[in-house]
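Me: I'm just starting out with protein structures, and I'd like a close look at one part of this one. Could you walk me through a single sheet slowly, and then show me how it sits alongside everything else?

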Amino acid sequence: MKKNYLTATLLTLMFLLIPLSLSAMDYKHTLEAKDMQFSWTIEGDQIHVKLSAKTTGWVAIGFDPENAMEGANIIIGAVKDGKVKIEDHYGDRKRGHTSDEELGGKNNVLNPSGSEEDGVTTISFTFPLDTGDKYDKPIHPEGTSRVMMAYGAGKDSFKTRHPYRTNYEINYSTGENKKIK
Ligand code: HEM
């Protein structure tokens, strides 16, 4: 009898604590750009990302751009009618991007989630540091990398342009970052 009571108490505690620990996921580093926030944690061979901006349109991050948007591994997401859509894209030209799936690669985004509240869109997802997909780029936790961020204006379509975009140099391990454009 005593044992049953103990098991029931433990199970209740577990059900109460598990959602709490997931919703309160703490990110190790945060980059505060003028109009956007990028938080991340490197864990093993993955990066956990949270991205938010004051927009009801899309928010996006581009890892390792080479020439304007070209060469970047872009993750873009939006929330429409409470539903989140996050896609894995590639900067296949200087002024645009196409989904990896359309290019013949894969959408490697894991655990997509998001919300839109008071005009602020937030997405979160996990991404492997090295997918092996030719339309992604390995993310190197050590050293300096380039990262770009942008958000769209109002519409959720991924084809609309950005009223805001920015470029940073970043060290994913230490969190050090510097605006470069
Ligand atoms: C279909 C959607 C998009 C269109 C049509 C578009 C178009 C353009 C154009 C015309 C420029 C050059 C003019 C300017 O500097 O504003 C540009 C620059 C830029 N875009 Fe996009 N863009 C799109 C999506 C994105 C996304 C998803 C990101 C980020 C994740 C992004 C990041 C940037 C950045 C950082 C620059 C400045 C590049 C530099 O000067 O080095 N863009 N884009």
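Reply: Sure, let's start with the sheet that has 5 strands: it is open, its order is 1-2-3-9-8, and its pairing is antiparallel. At its edges you find strand 1 and strand 8 (110-117), each with a single partner strand, so one side of each has no neighbour in the sheet. On average, neighbouring strands here are turned by 15° against each other, if you ignore direction. Keep in mind that this is a predicted model.

Now zoom in on the start of that order. Strand 1 covers residues 29-32 and strand 2 covers residues 36-43; 4 bridges join them, and they run antiparallel. Together they make a hairpin, with 3 residues between the two strands. You can pick out the partners across the gap: His-29 stands opposite Trp-40 in strand 2, and Thr-30 stands opposite Ser-39 in strand 2. What holds strands together like this? In general, strands of a sheet pair through backbone hydrogen bonds, in a parallel or an antiparallel way.

Carry on to the next pair. Strand 2 pairs with strand 3 (residues 46-53) over 8 bridges, again in the antiparallel sense. Met-36 has Ala-53 in strand 3 as its bridge partner. These two strands also form a hairpin, this time with 2 residues between them, and Gly-44 there takes a positive phi near 60°.

With that sheet in mind, look at the other one. It is an open sheet too, built from 7 strands in the order 7-6-5-4-10-11-12, with antiparallel pairing. Its edge strands are strand 7 (96-99) and strand 12 (177-179), and each of them pairs on one side only. Neighbouring strands in this sheet are turned by 30° against each other on average, direction ignored. At one end, strand 11 (residues 164-170) and strand 12 run antiparallel and are joined by 3 bridges. Tyr-168 stands opposite Lys-179 in strand 12.

There is an iron atom to find as well. Which residues of the protein hold on to the iron atom of the ligand as donors? They are Met-69, through SD, and His-162, through NE2, and they lie 2.0 to 2.2 Å from the iron atom. Around the iron atom of the ligand there are 6 donor atoms, and the angles they subtend run from 85 to 179°, which makes the arrangement octahedral. Met-69 sits in the loop between strand 4 (59-63) and strand 5 (73-80), while His-162 sits in the loop between strand 10 (145-151) and strand 11, so the pair ties together parts that are 93 residues apart in sequence. Are these two residues buried or exposed? Met-69 has 18% relative accessibility, so it counts as buried. His-162 is buried too, because its relative accessible area is 17%.

Finally, step back to the whole protein. It has 2 helices and 12 strands, and along the sequence they follow the pattern α-β-β-β-β-β-β-β-α-β-β-β-β-β. Of its 181 residues, 44% count as buried. As for how far you can trust the picture, the mean pLDDT is 91, and 88% of the residues reach 70 or more. Over residues 19-24, though, the pLDDT is below 50, and this stretch has 1 contact in the model beyond near neighbours in sequence. Where pLDDT is low, the predicted coordinates should not be read in detail.

Terms used. Residues are numbered from 1 along each chain as its sequence is written. This is a predicted model: local features need pLDDT of at least 70, side-chain atom pairs count only at pLDDT 80 or more; totals for chains, interfaces and linings use all residues. Side-chain values use heavy atoms; hydrogens and water are left out. Two strands pair if DSSP finds at least two bridges between them. Axes are lines fitted to C-alpha atoms, for helices over the stretch in contact, and angles run from 0 to 180 degrees between N-to-C directions. Donors are N, O and S atoms within 2.8 Å of the metal (3.2 Å for Na, K and Ca); water is not among the atoms, so sites may look incomplete. Four donors count as tetrahedral if all angles lie between 85 and 135 degrees; four count as square planar and six as octahedral if opposite donors are over 155 degrees apart and all others between 65 and 115; anything else is irregular. Buried means under 20% relative accessible area, exposed over 50%, partly exposed in between (1.4 Å probe, protein chains only). pLDDT is the predictor's confidence in each residue, from 0 to 100. Contact means heavy atoms within 4.5 Å.
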